[in-house]
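Q: Please take a close look at a single part of this model, one chain and its surroundings, and then set it beside the rest. I would like a connected account with the cut-offs spelled out.

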Amino acid sequence: MINITQLEVHTHEGRALVQPFDFHLKKGEIVGIFGESGSGKTISTQAMLNLLPSALVSRSIKKIVEDRNLDMLSPREYRKLIGLDVGYIPQNTTEFLHPLVKIKHQMLEGYVTHQCGTKKQGLKRATELLELVGLNNPKKILNGYVFELSGGMRQRVNIALSLMTKPRIIILDEPTTALDSITEHEVMEFFKNINQEEGVSLILITHNMKLIEKYTDRAYVFYQGEMVETNDTKMLFSEPYHPHTRALVQVTHGEEVR
Amino acid sequence: MKEIIRRIASSIVLIIVVSFVTFFMLMLIPGDAVEISLGTEATPERVTELRAALGMDAPWYTQYMSWFTHALAGDFGVSFTYGENVTTLLLSRLPVTLSLMLMAIVIAVPLALTIGVIAALKQNKTFDIIARTLMQMGDAMPQFWIALIFLVYIAAQIEIFPISGFTPFSESVYGGVMSLFLPAVVLAFGMIATLIRIVRSSMLHSLKQDYMLMTRVSGVHPVRAIIKYPLRDALIAPLTVIGIQISGLISGVIVVESIFSLPGVGRLLFSAVLKRDLFLILGLVSFIVTSVIIITLITDILYILLNKKMRRNES
Amino acid sequence: MRKYLLILSIVLLLIPSTLGLVSLFYTPYPITQMDLGNRFSGMSTEHLLGTDQFGRDILSRLMVASRYALLLGTVSVTLGLFIGSLIGIISALSKKWISMIFLRFIDGMLAFPGIVLAMMFVVVFGDGIYSTLVAIAIFMIPIFARLTYSLIKEQQHALYIVAAKSIGLSTTRIVWRHYLPVILPRLVTQFSASIGSAILIESALSYLGLGVVPPNASFGLMLKEAQSFMLSYPYLILPSGILLVITVLGLNLMGDTLNDRLMKLGDTND
């Protein structure tokens with residue numbers, strides 16, 4: 001579904017932030033992107049889909065998303081592709097939705113823009129999704145504002161938002177950092193479910209090796225702006241190659257690795 | 001709620017304190033105010049007479065109480081120089097000043113919004129740089145100088161703008177607007193730099209926010225996204241500086257009314273100061289300062305209400 | 001880009017500064033010397049910038065006016081800075097009660113539009129240079145007071161302050177060695193920005209006849225005098241007006257560039 005060749009990210013002034021790397025994602029896969037804070041995992045993922053903030057620049061040889069070359073698409077086609085087929089759940093829950101616009105308006109953005117249905121149908125779907133993610137009183141939430149919700153609730157709203165257009169790829173950026181371990185489990189199981197039932201491919205960005213181990217099929221390890229290793233998850237953990245990966249596995253397992 | 005009441009209470013206290021301080025300062029005027037105002041007619045008898053009539057024999061705190069209680073009822077005393085009730089004078093000049101200020105705002109705000117938004121969108125490109133340079137230069141120019149230039153090079157050359165004086169709206173709306181136009185533009189000049197800065201910085205700030213990422217992920221057309229979100233913030237931004245703007249506007253009004261000979265409150269205050277007309281000064285200053293305090297109070301309350309809404313459930 | 005602006009601002013400021021400085025020792029003509037036979041002359045070799053309505057040499061008057069403007073501006077703002085900061089610091093660090101009083105006091109002063117405050121002051125204390133200086137200083141006090149107050153409040157709960165307090169350092173020491181270095185950049189920015197305002201206010205006051213009075217020279221005063229002859233001899237408005245704008249522009253630009261520089265410094269400090 002995604003095939004990226006030699007993607008790199010740098011600032012306008014030329015300072016390199018992420019060294020060139022390759023990436024691919026198959027249909028129905030759950031791929032992990034692991035790295036500590038500052039290793040470049042978020043911006044790499046954003047760069048893959050042309051979602052970088054304007055202050056950064058990226059270059060690549062090829063970016064294929066769902067059999068389309070991302071850089072060859074017209075702006076309109078690009079927006080349609082991203083809007084419909086890609087979902088994104090951000091790391092930072094506070095500012096992802098505008099504080100002065102009602103939640104329902106923001107949830108309907110993608111849905112209405114890409115004509116998934118009428119506004120009424122959209123609201124219905126939004127309500128269902130909010131219930132699905134475990135929020136009571138969806139009507140009230142929809143008519144309210146983000147600041148009325150707690151951090152955990154905001155995260156759930158973001159999750160519901162990402163599912164509005166029935167995307168085929170969902171990016172989860174540190175989905176569990178702000179959550180306690182019980183909720184963390186809930187959220188991850190939820191997405192595992194979606195992956196299995198609906199065949200949605202997932203990209204999981206996290207610094208939590210345990211999550212990688214438990215949920216991903218394959219993973220990429222980032223270290224200080226460089227993608228240092230990639231393998232099937234099982235192999236990563238049983239036969240880590242890069243010293244950094246080895247150290248990580250060691251810490252995670254708390255045991256010596258040959 | 002509690003905070004709002006506190007603000008109101010402190011504003012009231014503020015008004016009282018301000019009027020007191022003003023009064024006190026005026027008491028310190030060297031040279032007897034009465035003597036000065038009587039001018040050549042200041043015979044000792046007349047002076048004593050007038051003093052008694054004005055109750056200026058009494059100790060100052062009594063005078064203040066007397067003035068204050070009258071003021072609450074709307075009676076600010078009588079002006080020496082004009083022989084009329086201060087309140088009447090004030091009310092007669094108020095419409096001119098208010099129209100002037102209103103016109104200045106109507107000119108400045110939409111302009112500032114437009115320029116600020118465009119400058120933010122084209123950050124550091126030509127438009128932005130030119131706009132910011134012009135703002136810098138405008139900031140450095142004293143309002144009276146701009147007024148003078150307008151007067152010499154525009155009003156004197158073009159018929160429609162009168163050099164001085166004001167045509168009341170009752171006579172001719174067109175005439176009235178025209179006589180206020182140039183002064184209003186001068187005033188707008190003074191406001192516009194700060195407004196543009198605020199709008200621009202608000203836009204820039206909003207454009208960087210995460211919700212813009214949300215719009216991109218949702219595949220919304222960038223123009224629509226900008227209108228729906230950052231623009232909204234930018235439009236509200238000027239309200240945050242209303243208090244300061246009004247203060248500066250009033251300073252500007254005094255100068256501009258004097259230069260363009262407009263019969264407004266500013267010019268009245270100026271004459272009062274020149275002639276050391278005690279009650280007039282007192283009344284006008286109290287009125288002006290009270291208005292500023294009230295406007296600031298209202299904006300503060302609105303801000304608190306909005307913030308309360310936003311901070312209420314922040315975890 | 002920034003560098004050019006800084007250079008530009010320095011160049012701009014050099015003009016009034018040198019003029020003012022030199023005026024202490026030498027002016028081509030005494031500023032009060034009238035030459036009624038030679039009024040309104042344009043630029044000439046004798047009078048580099050011409051003469052005014054009394055035949056006085058404009059260049060000399062400008063030099064003195066620059067001196068007054070810069071002196072007045074700097075001194076009044078410095079006064080305002082010191083007193084204002086003191087008030088701000090005290091009110092930020094005192095108990096609620098005292099702090100409230102100070103704050104209300106500051107708010108009170110802020111409620112007066114600048115010119116109104118200065119006018120009142122001049123009414124009471126008469127016009128002239130010293131009155132204007134004090135009036136502007138009074139105008140500046142609440143600005144600095146509010147600034148220092150909020151800056152200190154911001155830092156009050158920062159780790160390094162809490163640490164200092166827990167060691168038992170005296171408040172004065174904490175203020176001097178911990179708070180001040182941090183808030184200094186912002187203060188300096190405000191300082192340079194304010195000098196420009198101060199000069200503008202002074203010129204407005206002089207223009208209205210409430211500040212520097214004849215036979216002294218001040219930008220505002222010269223403009224006022226020029227106004228009477230506006231229609232017949234418009235040139236008169238230009239020298240003082242332009243020099244005034246150059247001075248204030250230079251000050252503002254310098255303030256802005258300083259601001260940018262200091263912000264950058266502040267970021268890397270953390």
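A: The account below begins with chain C and its last helix and then turns to chain A.

This is a predicted model, in which local features need pLDDT of at least 70 and side-chain atom pairs count only at pLDDT 80 or more, while totals for chains, interfaces and linings use all residues. Residues are numbered from 1 along each chain as its sequence is written, chains are lettered from A and ligands numbered from 1 in the order in which they are written, and side-chain values use heavy atoms, with hydrogens and water left out.

Chain C has 9 helices and 0 strands, where helices (H or I, at least four residues) and strands (E, at least two) are DSSP runs numbered from the N terminus. Read along the sequence, the pattern of chain C is α-α-α-α-α-α-α-α-α, and the C-alpha trace of chain C spans about 75 × 45 × 30 Å along its principal axes. Of the 270 residues in chain C, 52% count as buried; buried means under 20% relative accessible area, exposed means over 50%, and partly exposed lies in between, with a 1.4 Å probe and protein chains only. The accessible surface of chain C comes to about 12,600 Å², and 69% of it belongs to carbon and sulfur atoms; such areas come from the Shrake-Rupley method with a 1.4 Å probe, and for residues only the protein chains shown count as cover. Among the contacts in chain C with a separation of 6 or more, 72% are between residues 24 or more positions apart, a contact being heavy atoms within 4.5 Å.

Helix 9 of chain C, residues 237-269, contains C:N252 and also C:P239. C:P239 counts as buried, at 11% relative accessibility, and, residues up to four places away in sequence not being counted, C:P239 touches C:I58 and C:L62. The C-alpha atoms of C:P239 and C:G50 are separated by 9.5 Å, although these residues are 189 residues apart along the chain. C:N252 is likewise buried, with a relative accessible area of 14%. Leaving aside neighbours within four places in sequence, C:N252 is in contact with C:A193 and C:G196 of its own chain and with B:Q136, B:D139 and B:A140 of chain B. Of the 2 pairs of chains that touch, chains B and C have the most contacts, whereas no contact joins chain A and chain C, whose closest C-alpha atoms lie 15 Å apart.

Charge can be followed in chain C as well. The mean positions of its 18 positive and 13 negative charges are 14 Å apart; Lys and Arg count as positive and Asp and Glu as negative, with His and the chain ends not counted, and the place of a charge is taken as NZ of Lys, CZ of Arg, CG of Asp or CD of Glu. The charged end of C:K224 sits over the ring of C:Y207, 5.3 Å from its centre, and that of C:R67 sits over the ring of C:Y68, 5.7 Å from its centre; a charge sits over a ring if NZ of Lys or CZ of Arg is within 6 Å of the ring centre and within 35 degrees of the ring normal.

The structure holds 8 aromatic pairs over all chains, a pair being rings of Phe, Tyr and Trp (its six-membered ring) with centres within 6.5 Å, where planes under 30 degrees apart count as stacked, over 60 as edge-to-face and the rest as tilted. One of them, A:F21 with A:F222, is edge-to-face, at 5.2 Å centre to centre and 85° between the planes. This pair links distant parts of the chain, with A:F21 in strand 2 (residues 16-25) and A:F222 in strand 10 (residues 218-223) of chain A, 201 residues apart, and both A:F21 and A:F222 are buried. A:Y88 and A:F96 form a tilted pair, at 6.3 Å centre to centre and 35° between the planes.

In chain A, 7 of the 8 residues of helix 1 (residues 41-48) are buried, so this helix is largely enclosed by the rest of the structure. Helix 1 is followed by A:N50, whose phi is positive, near 60°, and A:N50 counts as partly exposed, at 26% relative accessibility. A:D67 also has a positive phi, near 65°, in a residue other than glycine, and at 77% relative accessibility A:D67 counts as exposed.
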